[in-house]
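User: I am new to this structure. Please take one part of it for a close look and then connect that part to the rest.

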Amino acid sequence: MASVTLEQWGKKLERTLVQVTNAAAGELSDSMSRLTRRNTGRAAEGYFVTNSTGPGSPAFIVNNVPYIMVLNDGGPNRAGDNMIERAMQSFNPDLNRLIR
């Protein structure tokens, strides 16, 4: 059995954490997209992930469609769809606890 130094093990753990962070962000983004109301499809297709670049670096889920928060939160004449909150609630509970 090959021996592994603590430093090697730490670097592997860091890479794994970054991979898990990016995979979780991708899953959450996909879930939000599925839950987003589709009229033209622009809002549902507008999600993208900016991946974590290293340990302690967050991954971001972004949607630059100008009306995405109105779809989520609602407005004066419409109820919100709460796709962000619904995606978080249905997300893997263990990972959900880690990212809050």
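Analyst: A polar atom of the Ser33 side chain lies 2.6 Å from the backbone oxygen of Ala44. A polar contact here is a pair of N or O atoms within 3.5 Å; within protein, one must be able to donate a hydrogen and the other to accept it, and residues adjacent in sequence count only if both atoms are side-chain atoms. The model is predicted, so local features need pLDDT of at least 70 and side-chain atom pairs count only at pLDDT 80 or more, while totals for chains, interfaces and linings use all residues. Residues are numbered from 1 along each chain as its sequence is written, and side-chain values use heavy atoms, with hydrogens and water left out.

Ser33 belongs to helix α1. Helices (H or I, at least four residues) and strands (E, at least two) are DSSP runs numbered from the N terminus. With a relative accessible area of 15%, Ser33 is buried; buried means under 20%, exposed over 50%, and partly exposed in between (1.4 Å probe, protein chains only). Leaving aside its neighbours within four places in sequence, Ser33 is in contact (heavy atoms within 4.5 Å) with Arg38, Ala44 and Tyr47.

The helix that holds Ser33 covers residues 6–35. The 30 residues of α1 should span 44 Å at 1.5 Å a residue, and this agrees with the 43 Å between its end C-alpha atoms. The expected span is 1.5 Å times one less than the number of residues. Buried positions of α1 include Val18, Asn22, Ala25 and Ser29, besides Ser33 itself. In general, an α-helix has 3.6 residues a turn, so residues three or four places apart point the same way.

The nonpolar surroundings come next. A nonpolar core is a set of buried Ala, Val, Leu, Ile, Met, Phe, Trp, Tyr and Cys residues joined through side-chain atoms within 4.5 Å. The largest one has 12 residues, among them Ala24, Leu28, Met32, Ala43, Tyr47, Val65 and Ile68. At least two residues of this core come from each of α1, α2 (68–73) and α3.

Ala43, one of the core residues, also takes part in a second set of polar contacts. Its backbone oxygen lies 2.8 Å from a polar atom of the Asn63 side chain. The backbone nitrogen of Val65 is 2.9 Å from a polar atom of the side chain of Asn63. Asn63 sits in strand β2 (residues 60–63) and is buried, with a relative accessible area of 13%. Apart from neighbours within four places in sequence, Asn63 is in contact with Ala43, Gly46, Tyr47 and Ile68. On the same basis of leaving out neighbours within four places, Ala43 is in contact with Thr36, Asn63, Val65, Tyr67, Ile68 and Leu71.

Val62 is also found in β2. Its relative accessibility is 23%, which counts as partly exposed. Once neighbours within four places in sequence are set aside, Val62 is in contact with Gly46, Tyr47, Phe48 and Thr50. Val62 and Ala23 are 39 residues apart in sequence, and their C-alpha atoms are 15 Å apart in space.

Asn82 lies in the loop between β4 (78–79) and α3 (83–90). Although it is not a glycine, Asn82 has a positive phi of about 50°. Asn82 is partly exposed, with a relative accessible area of 34%.

Val4, in the segment before α1, counts as exposed at 57% relative accessibility. The C-alpha atoms of Val4 and Ile84 are 41 Å apart, with these positions 80 residues apart along the chain.

Taken as a whole, the protein has four helices and four strands, in the order α-β-β-α-β-β-α-α from the N terminus on. Its radius of gyration is 17 Å, well over the 13 Å that the globule rule gives for 100 residues, so the protein is more spread out than a compact globule. The radius is taken over C-alpha atoms, and the rule is 2.2 Å times the number of residues to the power 0.38. Along the principal axes, the C-alpha atoms fill a box of roughly 65 × 25 × 20 Å. Of the 100 residues in the protein, 29% are buried.

Confidence is given as pLDDT, the predictor's confidence in each residue from 0 to 100. The mean for the protein is 89, and 90% of the residues reach 70 or more. Strand β2 has the highest confidence, at 97, and helix α4 (residues 93–99) the lowest, at a mean of 63.
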